[in-house]
Structures are given as structure tokens and as C-alpha cells.
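Please look over the structure shown here. This report covers how two helices pack and where empty space is left inside.

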Amino acid sequence: MRIGINTWAWAAPLTDRALARLAPRIRAWGFDAIELTVQAPGDWDPGSAADLLAGLELAPAVCAGLLPEHDLLADDAEVLRRTEEFVRHCVRVAWRVGAAVVAGPLYAPAGRRWLLDADARRAATARLVARLRPLADEAAGQGVTIALEPLNRFETSLLNTVGQALEVVDGVPGLGLALDTFHLNIEERDLPAAIRLAGDHLAHVQVCGNDRGTPGGDHLDWPGMFDALCDIGYGGQVNIESFTAEALAVPMSVWRPLAADPDALAVEGLAFLRGLTGRNLR
């Protein structure tokens, strides 16, 4: 497993200038990977990023969430077209930068919640399957996996659990699953069991403490989760995702410092995760 970190710890949105400053430091601290965020097309240049990361031997991943004007479940044809084009843009960025995965809740903006009875949930799931199929197929043709991320109940009402996300992923060849320990901690009663349920579909992992801060020193079952990752043969990235950039305080509901500073979060989190991967896993 490669250990990485999401650039949202420092910058939102990510820019060429910020990446040029951050990437060498991230590599010098000992990370293997870096998770690049896409908030709007054109924020940063994937060609320049590809050259920079190749020189540093940092493996990239791409992370994205839909904007308020996006919705893959929409009835409006223009909204649907705009959403599909944004997902395609994220895939093109991933291909250009050399990332194997685009991870995120790529079906509706975070915060969109609506009440669903059993019939409405089945209909929404079927619609999402149908609309993700061509996008996942196009991405696979470029060597990129779209990894769908379930979010907690305060951010969406459709896909909260691994089981719910698998109802979509199982119906879309080439679609993967992205798991984030913050959301798992809220929605799953047994985090290692949820990881095992994801199984071969797991394409990407994001980690943080239960408070969304530095991994380690919190109440999560870290040894159990890493045992589960090994049990399913997971060989992808495990990336720290936390939010200390001021621009993310309101959208991510970060009302207090999650670490002494972003650099401390990175260094301490990496040391903790290296300790987990270095122990004798069963």
C-alpha cells in the first residue's frame, strides 16, 4: 500500500503554484503518493503536474466532488450534460497526470439530501447505474477507474454505507469504490467488516482520525482496518484527507483546528500509518 496525502490539507483550490510548493515537501517527508483535488476545470495544469510528480516519484490520485450545479440524477438535460462533462474532465485530468483513480461522490453535490422510500431508492439507484455505465466505460478505456464514495447521512441521503454503494458498483462494470474512514465511522457499525465487504471493488482509501484530524490517537480500530485491507489484498493508495485550508471551513464544517498545523498533521499522520503497515499483519 502506498501512503499519500490530499492537498486539501493546505490548499483550496489547488493551483500550479501551490502544487510546486507542496509536492517536494510531501515527498521529502516520505510520502509515496499525493491526492490532487479538482474543484473547477483549469485550477491547475495536469501536464505540468505530471512532469513534477514524475520527477519526484510521487504516485498521483485525483479526488473530486460535484459542484452545486451538477447532479447525475437530474431530470434536466442541461444539468445532466454539464455533470457528465465535469466527470469526463476529471477522468482526462487523471489520465494526463498518470493517476489510476478518480475518487469521490460523483453523482450529486455533497449536502443534497432528500427523503427516499424503498421504491424511490430503487429508482434512484437504477438511474445512477444507467448513467454511470458509459462514464465508467469511457474512463476504463483511458486506464482510469472512477471510484464512487459513500458519504455520511449529513452529506447525502442516497449512498451512506458500503452495502448501498455496492448496489451501484455491482451494476457498473469498471466502476470502483472509494472508502473514507470519516464516513465509515459514522455509518458502519464494524469498520473492518465494511472494508471486507467492499472486497475487490475497493479502488481507493482515504483516512483521518474520527474527528477528521490526524490519524492515530483516536478511537478508530486502525489495526483491524489495516488487517482487513490486507485480507482483501488491497494494493492501492491510503491517503490522509483532512481539511485545514480556511476556504474549506464552512463547506466541511471545520469549526476548530484539527491539528497544530497542516505540516504536523502530515508528518504525524504518516508516522502513524507507517507504523501500522510495518507491524506484523496477520
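What follows describes a helix pair and then a cavity in a predicted model.

## Packing of α7 and α8

Two packed helices are described by the angle between their axes and the distance between the axes. Helix α7 spans residues 191-198, and helix α8 spans residues 222-231. Their axes lie 8 Å apart, at an angle of about 15°. Angles under 35 degrees count as roughly parallel, so α7 and α8 are roughly parallel to each other. The crossing of α7 past α8 is right-handed.

From α7, the contact uses L191, P192, I195 and R196. From α8, these residues meet G224, M225, D227, A228, L229 and D231. By class, the contact residues comprise six nonpolar, one polar and three charged.

## The cavity

Rolling a probe the size of a water molecule over the atoms shows where empty space is left. The structure has one cavity of 30 Å³ or more. The largest cavity encloses about 60 Å³ of space.

Its lining is made up of L179, T181, L184, I195, L202, V205, V207, M225, F226 and L229. Three elements give two or more residues to this lining: α6 (181-187), β7 (202-207) and α8. Nine of the lining residues are nonpolar and one is polar, with no charged residues.

## Where the two topics meet

Which residues of the helix contact also line the largest cavity? I195 of α7 is one of them, and M225 and L229 of α8 are also included.

Definitions and conventions. Residues are numbered from 1 along each chain as its sequence is written. This is a predicted model: local features need pLDDT of at least 70, side-chain atom pairs count only at pLDDT 80 or more; totals for chains, interfaces and linings use all residues. Side-chain values use heavy atoms; hydrogens and water are left out. Axes are lines fitted to C-alpha atoms, for helices over the stretch in contact, and angles run from 0 to 180 degrees between N-to-C directions. Helices (H or I, at least four residues) and strands (E, at least two) are DSSP runs, numbered from the N terminus. Angles under 35 degrees count as roughly parallel, over 145 as roughly antiparallel, 65 to 115 as roughly perpendicular and the rest as oblique. A crossing is left-handed if the near helix is turned anticlockwise from the far one by less than a right angle, and right-handed if clockwise. Contact means heavy atoms within 4.5 Å. Ala, Val, Leu, Ile, Met, Phe, Trp, Tyr, Cys and Pro count as nonpolar, Asp, Glu, Lys and Arg as charged, and the others, Gly among them, as polar. On a 1 Å grid over the protein atoms alone, a cavity is a set of points where a 1.4 Å probe fits but cannot get out, and a pocket is an open set with protein on both sides within 12 Å along at least five of seven lines; lining residues have an atom within 4 Å of a point. Grid points are joined across faces, edges and corners, and a volume is the space filled by probe spheres set on the points.
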